[in-house]
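Work through these exercises with the structure open beside you. Try each task before you read its solution.

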Amino acid sequence: MPDLTEAPVGTTKERKAVLVKGRWRQLSLLGGTMLVENTEASLISGLFPVIRHSLGVSLGALGVLTAAGRIVGVFAGPFWVWVAQHWSRKGVLVLATGFWGVWGIAAGFAQNFTQLLILITILAAGYAASGPLATEILGDLFDSESRGRAVGMLYGVINLAASLFATLKGQLAAFDDGWRWGLWGIGAVNVLCGVALLIWMRDPGRGASEHQLAGLDRRTREAHTKVTMKQVTALFRIPSLVVLLVSRLLSGQLLAAMFGVIFLVDVYGFSTQVASVVLFPMGIGFFTGTVLGGFLADWAVRRNPRHGLVVILQTAQFAFAAVAFFGTQLDWGGIGVFAVFFSLMGLVQGVNPVVNRPMIMAVTLPELRGAAFAIYLSVFEAVAIAAFSLGAGFLGDAFGLRAVFLWVLVGLVLVNGAFLTLLYRTYATDVARVQQALESRRQAALAG
């Protein structure tokens, strides 16, 4: 097995050539596609107390709304990745995450819960393309030594902006139809993002940032991009990827943002407007965690390629469980102290994407990353969020959200941290296997 403590393959000249032109500008465009998705999700959860009153539904309806969107993503995410393989990644993003916003505008006109559920589900089917495709393209824009910072900036800015919008939209609770205006606004912004993608987005091509493929023309780099079902199913034979997939099912942190506002309303008696205030500090914390975590992740790759990322990811789980216990299980009285703890939860949670996304990129070949992220985000994360949403909604009605937050945000996250110990045995070997395959392709291309 290759020594992973050695410098990346390729000469200094080749490593300079791997810097994709305009990569940060392209990253900002990708961020726009994911921002609207996060904003729509935060709108539904943040204004659900008003939606509940307007449409006459119970707390369980929030779980149904969230779960339905995630369940449809299980099928829609892989579908969009398949379409992108046979058509165009840019074309799919323009359509599915841009012009698809018309369904958000339509959802603002819903007259009952059934109509809202159908339209939000259709909207989510389009948004399912943004996660796997945007993350796949990010892996082609940035090399392994800068992906942590890139993911950190992408997810940090997205969640900071989404949290700010969520806090502002929380003030729409003062109006009976405020949630409708929120959906109309998001849908309009969505369409504008589609126009921006159509005009300015440039797809770098698969494998553009790999050191081993530097200097090769795009056609040569993409000679292996035709993915078969056999290759996709082979992803489940990558031990580290399987561990990360199961870990996603144990990620109780996903529940914090979805049910945070309604938790503070139902458990500690805050109004919707006051409870929504915690979303912005949480977003600031998440932004800080992703940016600092991105630099920390890139440093870990250089300092300890074998286990550095694993240590960071595992530590983040244990830290989140500790902060979540003190931030949700004790009554601190004023909203200010809760805002501090939600900010700390966001800070620790922000470390996760800047570590697990680059890890998935490192253990999969370029042409398989879209499929890997479709499985990770559109299937496993969607299943996790759907399960947490439905469980929190119905169990919250039965036992109270305070108990649900203790079981999920604390207990389940601790289990997740312990489970990630398996990566110490698998990750270095899986990374070495990918590096060896890319070097073999380079040698074959040069010989040809």
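## Exercises on a predicted model

**Exercise 1. Find what share of the chain is buried, then describe its make-up.**

Solution.
Step 1. Buried residues make up 59% of the 448 residues in this predicted model.
Step 2. Count the secondary structure: the chain has 22 helices and zero strands.
Step 3. Look at the outside. The accessible surface comes to about 17500 Å², and 68% of that belongs to carbon and sulfur atoms.
Step 4. Turn to contacts with a separation of 6 or more. Residues 24 or more positions apart account for 85% of them.

**Exercise 2. Decide where the model should not be read in detail.**

Solution.
Step 1. Start with the whole chain. Its mean pLDDT is 83, and 88% of its residues reach 70 or more.
Step 2. Find the extremes. Confidence is lowest in helix H1 (residues 12–17), with a mean of 42, and highest in helix H13 (residues 239–249), at 96.
Step 3. Check the start of the chain. Over residues 1–17, pLDDT stays under 50. The model has 22 contacts beyond four places in sequence for this stretch.
Step 4. Apply the general rule: where pLDDT is low, predicted coordinates should not be read in detail.

**Exercise 3. Trace the salt bridges of Arg89.**

Solution.
Step 1. A search of the whole structure finds seven salt bridges.
Step 2. In one of them, the side chains of Arg89 and Asp140 meet at 2.9 Å, N to O. Arg89 is in helix H5 (residues 89–96) and Asp140 in helix H8, 51 residues apart. Both Arg89 and Asp140 are buried.
Step 3. Arg89 also forms a salt bridge with Asp203, with the closest N and O atoms 2.6 Å apart. Asp203 lies in the loop between helix H10 (178–200) and helix H11 (218–221), 114 residues from Arg89. Asp203 is buried, as is Arg89.
Step 4. Compare another pair. Arg149 and Asp298 meet in a salt bridge of 2.7 Å, N to O. Arg149 lies in helix H9 (residues 147–170) and Asp298 in helix H16 (residues 279–303), so this pair ties together parts 149 residues apart in sequence.
Step 5. Check burial. Arg149 is partly exposed, at a relative accessible area of 30%, whereas Asp298 is buried, at 2%.
Step 6. Return to Arg89. Salt bridges that share partners join Arg89, Glu136, Asp140 and Asp203 into one network.

**Exercise 4. Contrast the nonpolar core with the nonpolar surface patch.**

Solution.
Step 1. The largest nonpolar core has 128 residues. Among the members that touch the most others are Leu255, Phe259 and Leu409. H20 gives the largest share of this core, 12 residues.
Step 2. Follow Leu409. Its contacts beyond four places in sequence include Leu255, Phe320 and Met345.
Step 3. Move to the surface. A nonpolar patch there includes Phe325, Val337 and Trp407, and its residues together have about 800 Å² of accessible area. Helices H17 (308–328), H20 (369–399) and H21 (401–419) each supply at least two of its residues.
Step 4. Examine two members. Phe325, in helix H17, is partly exposed, with a relative accessible area of 34%. Val337, in helix H18 (residues 335–349), is partly exposed too, at 33%.
Step 5. List the contacts of Phe325. Beyond four places in sequence, they are Leu330, Leu406 and Val410.

Methods:
Residues are numbered from 1 along each chain as its sequence is written. This is a predicted model: local features need pLDDT of at least 70, side-chain atom pairs count only at pLDDT 80 or more; totals for chains, interfaces and linings use all residues. Side-chain values use heavy atoms; hydrogens and water are left out. Patches are made of residues with over 30% relative accessible area and no salt bridge: like charges are joined within 9 Å, nonpolar side chains (Val, Leu, Ile, Met, Phe, Trp, Tyr) within 5 Å. Accessible areas come from the Shrake-Rupley method with a 1.4 Å probe; for residues, only the protein chains shown count as cover. A salt bridge is a side-chain nitrogen of Lys or Arg within 4 Å of a carboxyl oxygen of Asp or Glu. Helices (H or I, at least four residues) and strands (E, at least two) are DSSP runs, numbered from the N terminus. Buried means under 20% relative accessible area, exposed over 50%, partly exposed in between (1.4 Å probe, protein chains only). Contact means heavy atoms within 4.5 Å. pLDDT is the predictor's confidence in each residue, from 0 to 100. A nonpolar core is a set of buried Ala, Val, Leu, Ile, Met, Phe, Trp, Tyr and Cys residues joined through side-chain atoms within 4.5 Å.
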